[in-house]
Amino acid sequence: MNCYEKKNCFILIAIVAVATATAILVRRSQVTKDKAKETATHQMHDGAARRVELNNQIPAHYESVPSPNELRATLSPEHFTGKAREAYQVVREIPQLIAQMPCYCHCDRSLGHKSLHSCFEDDHAANCATCIQEALTASALQKQGLSAEKIRERIIAEFSAAE
């Protein structure tokens with residue numbers, strides 16, 4: 001074999017080696033992408049399942065009428081205006097009913113609230129449309145003669161669907 005043939009042979013071997021290495025790298029890259037996509041899909045499904053599970057949980061509330069000394073004082077309605085003032089007034093008038101309602105802003109998870117009543121013990125409710133609307137809804141339903149249990153069922157149906 002002369003020098004020219006040796007050079008061509010070497011070039012051919014180098015080309016085959018580079019092509020093989022490229023094919024291996026491309027395949028590994030594809031496998032890595034597939035695994036990353038599979039992991040992301042599982043995380044997405046796991047995250048979605050966790051959100052569904054959390055959303056299906058009814059927030060904290062009293063199951064039965066709490067004694068008045070179990071409830072902390074709420075803020076005075078005079079500190080607020082508009083619907084917030086109206087909601088704080090409602091809670092002052094029917095605290096035991098409001099304590100039997102879950103709060104669908106899920107402040108039981110983030111703030112440790114025990115019921116919708118807890119939202120009105122400070123200014124949390126004044127800044128939360130969910131808290132305000134739930135209190136006003138509970139009051140309106142009570143005026144229609146519904147029991148606490150029926151009001152809670154309606155609150156759960158209406159506000160859990162809004163999530």
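Contact here means heavy atoms within 4.5 Å. The model is predicted. With that cut-off in hand, start at one residue and work outwards.

Leu 116 touches Ile 98, Met 101, Pro 102, Cys 103, Cys 131, Glu 134 and Ala 135, leaving aside residues up to four places away in sequence. Leu 116 is also among the residues with the most contacts inside the largest nonpolar core. The others named there are Ile 98, Cys 119, Phe 120 and Cys 131. That core has 29 residues. Four elements give two or more residues to it: helix H2 (82–93), helix H3 (95–99), helix H5 (129–143) and helix H6 (148–161). The largest share, 6 residues, comes from H5.

Next, Pro 102. This proline lies in the loop between H3 and helix H4 (107–110). Is Pro 102 buried or exposed? Its relative accessibility is 0%, so Pro 102 counts as buried. Pro 102 and Leu 116 are 14 residues apart in sequence, and their C-alpha atoms are 5.4 Å apart in space. Beyond its sequence neighbours up to four places away, Pro 102 touches Ile 58, Pro 59, Ala 60, His 61, Leu 116, Glu 134, Arg 152, Ile 155 and Ile 156.

Arg 152, Ile 155 and Ile 156 lead to H6. The buried residues in H6 are Ala 148, Ile 151, Arg 152, Ile 155, Ile 156 and Phe 159. They cover an arc of only 135 degrees around the axis, which means that they sit on the same side of H6. An α-helix has 3.6 residues a turn, so residues three or four places apart point the same way. H3 and H5 are among what covers the buried residues of H6. The length of H6 can be checked too. At 1.5 Å a residue, its 14 residues should span 20 Å; the end C-alpha atoms are 20 Å apart, which agrees.

Finally, the cysteines. How many disulfides does a search of the whole structure find? The search finds 0. Cys 128 is in no disulfide, and the nearest cysteine sulfur, that of Cys 131, is 3.4 Å away. Why is there no bond between Cys 131 and Cys 128? A disulfide needs the two sulfur atoms within 2.5 Å. At 3.4 Å, the sulfur of Cys 131 is therefore too far from that of Cys 128 for a bond. Both cysteines are below the burial cut-off of 20% relative accessible area. Cys 128 is buried at 11%, and Cys 131 counts as buried at 0%.

Note on methods
Residues are numbered from 1 along each chain as its sequence is written. This is a predicted model: local features need pLDDT of at least 70, side-chain atom pairs count only at pLDDT 80 or more; totals for chains, interfaces and linings use all residues. Side-chain values use heavy atoms; hydrogens and water are left out. A nonpolar core is a set of buried Ala, Val, Leu, Ile, Met, Phe, Trp, Tyr and Cys residues joined through side-chain atoms within 4.5 Å. Buried means under 20% relative accessible area, exposed over 50%, partly exposed in between (1.4 Å probe, protein chains only). The expected span of a helix is 1.5 Å times one less than its number of residues. The arc is that of the directions from the helix axis to the C-beta atoms.
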